[in-house]
Amino acid sequence: MNEYVNLESFKPVTQAFSADTIIAQIDSILPVRSIGKTVKASHKYRQIACSIDEIGIVEPPVVCKDKQNPDIFLLLDGHLRLEALKDLGATEVECLLANDDEAFTYNKRISRLSAIQEQRMIAKAIQRNVPREKIAKALNINVRSLNRKANLIDGICEEAVALLKDKMCPMAIFDVLRKMVPMRQIEAAELLVNANNYSIGYSKAILAGTPQSQLVAATTPKRMKGMTAEALARMEGELSRLQQAITSVQDTYGQDHLHLTVVKGYLAKLVDNSKIARYLEKRQPEFLSEFRNIAQMTSTIGSS
């Protein structure tokens, strides 16, 4: 069989950005949203301003040309960076020129750095012999805080780090994990991920439910504020049972969901059949009611 591809049938791919950046006058860039006074007073804004003042723009703002006035640019992404440049007295900025004016496509791709990602960024800068004082100034933090961030994963096993590398965890969670042996660190990280709960309170509850033998300081009794030794022992047992239950659910979730979906479809067809519905209403009304409830409930689960 002779097969061929008609190259003329392929449409050219449209580039989202121009190949080169442009230098634009800040006065010619119109923001698509305003920056409030509360935003400019935030730590995030001060951090951006300090970073720009110390090392310049790392990620250029995204602009597009105004369709009615080619000398004017619309700012799609980088409002805080542009405002910081204005406050620093800059008159021009290097920008990425977008070929589309849909600002939401850029905003929805913005993501914050997780604690581990930030730690790796700081560690790389330190390895490149960038002075710690300069890094701290760029991040608008003191050197003591920088050192704490740089040493964030010291004492944390690689498997636990891999589980939490892209999660928005408070730094205090790693202080809690550091009190556990590596195997328990992995179990604790899995509990955090499975529950999608990265609060300090939850991590401390996991610590409270950790057997003494799985702590780094195995010979030092646990002391939790407001909890007796008996309460800690009960919490250990409850957490152990909870972890076993979660593991059991994970093992059978896929198969159970498939069965539930099949049953939902079958029952939905039964109750939608007028003859069957009338028969059940006369002979087994309680079955009809339950079938309808199950069909409605599982349809909600299937659409979630």
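The following is an exchange between a trainee and a mentor about one predicted model.

Trainee: What kind of model is this, and how are its residues numbered?

Mentor: This is a predicted model, in which local features need pLDDT of at least 70, side-chain atom pairs count only at pLDDT 80 or more, and totals for chains, interfaces and linings use all residues. Side-chain values use heavy atoms, with hydrogens and water left out, and residues are numbered along each chain as its sequence is written, from 1.

Trainee: What is the mean pLDDT of the protein?

Mentor: pLDDT is the predictor's confidence in each residue, from 0 to 100. Of the protein's residues, 77% reach 70 or more. The mean pLDDT is 79.

Trainee: In which helix is confidence highest, and where is it lowest?

Mentor: Helices are DSSP runs of H or I with at least four residues, strands are runs of E with at least two, and both are numbered from the N terminus. Confidence is lowest in H4, at a mean of 46. It is highest, at 93, in helix H8 (residues 158-164).

Trainee: How many contacts does the stretch of residues 104-111 have beyond near neighbours in sequence?

Mentor: The pLDDT over residues 104-111 is below 50. Where pLDDT is low, the predicted coordinates should not be read in detail. A contact means heavy atoms within 4.5 Å. On that basis, the number of contacts for residues 104-111 in the model is ten.

Trainee: Which residues form the covered face of strand E5?

Mentor: Strand E5 covers residues 92-97 and has two faces. Its uncovered face holds Glu92, Glu94 and Leu96. The covered face holds Val93, Cys95 and Leu97.

Trainee: In what sense does strand E1 pair with E5, and which residue stands opposite Val93?

Mentor: Two strands pair if DSSP finds at least two bridges between them. Strand E1 (residues 22-25) has four bridges to E5, and the sense is antiparallel. The residue opposite Val93 is Ala24.

Trainee: In what sense does strand E3 pair with E5, and which residue stands opposite Leu96?

Mentor: Strand E3 (residues 62-65) and E5 share two bridges. Their pairing is parallel. Opposite Leu96 stands Val62.

Trainee: How many salt bridges are found in the whole structure?

Mentor: A salt bridge is a side-chain nitrogen of Lys or Arg within 4 Å of a carboxyl oxygen of Asp or Glu. One of them joins Glu83 and Lys40, at 3.4 Å from N to O. The search of the whole structure gives eight.

Trainee: Which residues are linked with Lys40 in a network of salt bridges?

Mentor: Asp87 also forms a salt bridge with Lys40, with the closest N and O atoms 3.1 Å apart. Asp87 lies in helix H3 and Lys40 in helix H1, so this pair ties together parts 47 residues apart in sequence. The residues linked with Lys40 in the network are Glu83 and Asp87.

Trainee: Is Glu83 buried or exposed?

Mentor: Buried means under 20% relative accessible area, exposed means over 50%, and partly exposed lies in between (1.4 Å probe, protein chains only). Lys40, at 28%, is partly exposed, and so is Asp87, at 46%. Glu83 has 18% relative accessibility, so it counts as buried.

Trainee: Why does the distance between the end C-alpha atoms of helix H10 agree with its number of residues?

Mentor: The expected span of a helix is 1.5 Å times one less than its number of residues. Helix H10 (residues 182-195) has 14 residues, so it should span 20 Å. Its end C-alpha atoms are separated by 20 Å.

Trainee: Which residue forms a salt bridge with Glu187?

Mentor: The partner lies three residues from Glu187 in helix H10, about one turn of the helix. Glu187 is partly exposed at 23%, whereas the partner, at 3%, is buried. The closest N and O atoms are 3.0 Å apart, and the partner is Arg184.

Trainee: Which residues does Ser114 touch, not counting those up to four places away in sequence?

Mentor: Ser114 sits in the loop between helix H4 (104-107) and helix H5 (115-127). At 1% relative accessibility, Ser114 is buried. The residues touched are Lys165, Asp166, Lys167 and Met168.

Trainee: What distance separates the C-alpha atoms of Lys204 and Leu177?

Mentor: Lys204 is in helix H11 (residues 200-208) and is partly exposed, at 43%. Leu177 is 27 residues from Lys204 along the chain. Their C-alpha atoms are separated by 9.2 Å.
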